[in-house]
Number of protein chains: 2
Amino acid sequence: MNLKQLSESLGLSQTTVSRALNGYPEVREATRLRVLAAAQAANYTPNVKARHLATGRAMAIGHVMPLTGREELVNPIFADFIAGAGEVYASEGYDMLLSMVSVEGAEAAYRQMASNASVDGVMVQAPTMDDPRIPLLQGLGLPFVVHGRTGSPEGYSWLDVANIRAFRRATEFLLDLGHRKIALVNGQETLDFARRRRLGYEQALAARGITPNPAWMRTDIMTEQFGYRSAVEMLEADDRPTAFLAASIIPAIGIRQAAGERGLRLGRDVSVICHDDGLSYIGNEGIRTPEGPAFTATRSSIRAAGKRCAEILLRLIDDPTQPPIQELWETDLTLGRSTGPAPAPASA
Amino acid sequence: MNLKQLSESLGLSQTTVSRALNGYPEVREATRLRVLAAAQAANYTPNVKARHLATGRAMAIGHVMPLTGREELVNPIFADFIAGAGEVYASEGYDMLLSMVSVEGAEAAYRQMASNASVDGVMVQAPTMDDPRIPLLQGLGLPFVVHGRTGSPEGYSWLDVANIRAFRRATEFLLDLGHRKIALVNGQETLDFARRRRLGYEQALAARGITPNPAWMRTDIMTEQFGYRSAVEMLEADDRPTAFLAASIIPAIGIRQAAGERGLRLGRDVSVICHDDGLSYIGNEGIRTPEGPAFTATRSSIRAAGKRCAEILLRLIDDPTQPPIQELWETDLTLGRSTGPAPAPASA
DNA sequence: CACTCTCTCCAAAGCGCTTTGGGTTGAATC
DNA sequence: GATTCAACCCAAAGCGCTTTGGAGAGAGTG
């Protein structure tokens, strides 16, 4: 069933039917209702491709899910982010075009999306400090929103969490508990957010006159095994940290496991704070006892971020004169069962 | 730059240029090279929508990522599955159209994809025993592949792991270690795979004359907190299991946490076997010591499954006469550090 | 009553591509 | 030298929709 057939069955022109369906005012209300009823009855939906050819709008948003590392690992964080964004797209009638490519291939993917106009805008995730995708997209004139930001976050739309503050605060909290040997199990520091988190950590230490120990600062893809291995190495060294700061709940789980295997109890022998993105299946909030969730954590819902980024992007698409929209979200520091006072030096 | 401009700049007709670019034989090799060079120089890529309008093919595959539960949780498993599939699509020039909807909305999503021909085929994930999407898609005539299968898996293409055998084998392994009190922390049993896993578990118990204890059989969305809570409840009861069988590594992590908090060591005081989908960030294989990975697990890469499902789907699309392709993958049972002989009854 | 609007509706062009159904041309064939 | 046949190339017709530029019919106005 296409427009032509539908209009013939109604004894109307294609123009009128099209206008009736798209809510234009040049059609009598009675006619519109008749058209809508007929469309409904015939189970008619306009051919998206034809419409796009005619309008030039793709009614689709491009997402590029970066696969990190040589193994092209897929971060579950993106699934939740996409879920949030997808919700918005669906409600506004947009499709989501997903491209999974290695970090190196991302640029080409965006370039292609732009060149054949298969999307009306794109979402940029996990930017590096000086991400080449941003000037690229600006040059291509394709609307985009960055989740996170770069070193010089001007002239484009982004949404980010206050990473420096979050990790400074978390570090201060550990310092207040008497910890002096604090390890940072960070994400890849080529990524801007990880760099900022390290800054926050270093600032807090510096404010108390503590020089960070390079052996206690690890940076890599935020897998469970990365957390595990980092913790194993640090806990088996002669001088070991009494607290860990993890960039995600996933490495934090690895740290917990490493500690547990060595008979160290979280919150008593070793403290752990992680950033909690509120992941669906491994959200920290879920495991809540009267004493709080499992991990003390800086919290910010990645799904809510996805949703908001999508809203911003659609606004940008709707109104090309819209100036850049930038939002900085604060995180909560929620107390859980994984932190406690630093153990007495004798036992460490 | 469009076809018309390109052909004018070359002094050729649109027909010839189009044919040259698409590899038809009616064009001289010299001309083809000239055309290709010009296209390259002009950075020309054909407008996808126009092409689709003309050919009727969308060059896109629809994925519907089911969000489960009232909270619409997104299972990280799907991210890895999609990564595998996406790899294949990209290499064959297909786009991936992703729709995130609640389980109830999935049918409508598929129906829409079919009705406006925005995709050439769809992927069906997480089927229930008697999934309505299958007759729906058959009726719509849209090629599809099911990851998993239904109660009566005939007449359509699917790829599944041998869930019954996997869980029977895992249960037998625990029985061989002397465990008699084995709990099953399963996925939602409306889903076919979960039902099959329970069957495997029950068969193994029945073969040794053991009646399953309903209190030790849990079924829900496979989150970490589900694993945690289930384990807490069972471990705090008077009669507690000595071993757990978990449907995913994620609830298994919750179980481990619950056990650890109670001073129970995995592989010594409590045994755990889980199914390991080889997730990128929380893959069991990663945390490997000389004694093996953290969990004893039935293993099957979800990413490889995604890849293979995509290959099958593209084959189906390429050749409509292709009869259904069905593949049953066996799992490995790999020994990890989470299992050991059943503790002496006195200590239990 | 002629004229001007406003309301409704329509014919046709156009979006950029593929593909059908020929045309030309030059070489090979009889 | 006429005929046949590849080999190349082209004009034009769609694909299904939106949108421009009217046209016709009543209603309102002087």
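Visitor: Of the atoms of DNA strand D within 4 Å of the protein, what percentage belong to sugar or phosphate?
Guide: Happy to start there, with the reminder that this is a predicted model. The atoms of DNA strand D within 4 Å of the protein are split between bases on one side and sugar or phosphate on the other. The share for sugar or phosphate is 59%.

Visitor: Which residues come nearest to DNA strand D?
Guide: There are 27 residues around this strand. By class, that surface has 10 nonpolar, 12 polar and 5 charged residues. Those that come nearest are Leu3(A), Ser18(A), Arg19(A), Tyr44(A) and Thr15(B).

Visitor: How many Å is a phosphate oxygen of DNA strand D from an N or O atom in the side chain of Ser18(A)?
Guide: Let's take some other side chains before that one. For Arg28(B), a side-chain N or O atom is 3.2 Å from a phosphate oxygen of DNA strand D, and for Tyr24(A) the distance to a phosphate oxygen is 2.7 Å. For the side chain of Ser18(A), the distance is 2.6 Å.

Visitor: Which elements give two or more residues to the surface near DNA strand D?
Guide: Both chains take part, so to speak, with helices from chain A and chain B. Chain A gives α2 (14-21) and α4 (48-55). Chain B gives α2 (14-22) and α4 (48-55).

Visitor: And which element gives the most to the surface near DNA strand C?
Guide: Here α2 and α4 of chain A and α2 and α4 of chain B each supply at least two residues. One of them gives 5 residues, the most for this surface. That element is α2(B).

Visitor: Which residue has a polar side-chain atom 2.6 Å from a base nitrogen of DNA strand C?
Guide: Sugar and phosphate account for 58% of the atoms of DNA strand C that come within 4 Å of the protein. On the phosphate side, a backbone N or O atom of Leu3(B) lies 2.3 Å from a phosphate oxygen, and a side-chain N or O atom of Arg51(B) is 3.1 Å from a phosphate oxygen. The base nitrogen is approached by the side chain of Thr15(A).

Visitor: Moving to the interior, which residues touch the most other members of the largest nonpolar core?
Guide: In soluble globular proteins, nonpolar side chains tend to be buried together. The largest nonpolar core here has 134 residues, and a second, separate core of 42 residues includes Trp158(A) and Ile134(B). In the largest core, the residues asked for are Tyr89(A), Phe244(A), Phe295(A), Tyr89(B), Phe244(B) and Phe295(B).

Methods:
Residues are numbered from 1 along each chain as its sequence is written. Chains are lettered from A and ligands numbered from 1 in the order in which they are written. This is a predicted model: local features need pLDDT of at least 70, side-chain atom pairs count only at pLDDT 80 or more; totals for chains, interfaces and linings use all residues. Side-chain values use heavy atoms; hydrogens and water are left out. A nonpolar core is a set of buried Ala, Val, Leu, Ile, Met, Phe, Trp, Tyr and Cys residues joined through side-chain atoms within 4.5 Å. Buried means under 20% relative accessible area, exposed over 50%, partly exposed in between (1.4 Å probe, protein chains only). A residue is near a molecule or strand if one of its heavy atoms lies within 4 Å of it. A polar contact is a pair of N or O atoms within 3.5 Å; within protein, one must be able to donate a hydrogen and the other to accept it, and residues adjacent in sequence count only if both atoms are side-chain atoms. Helices (H or I, at least four residues) and strands (E, at least two) are DSSP runs, numbered from the N terminus. Ala, Val, Leu, Ile, Met, Phe, Trp, Tyr, Cys and Pro count as nonpolar, Asp, Glu, Lys and Arg as charged, and the others, Gly among them, as polar.
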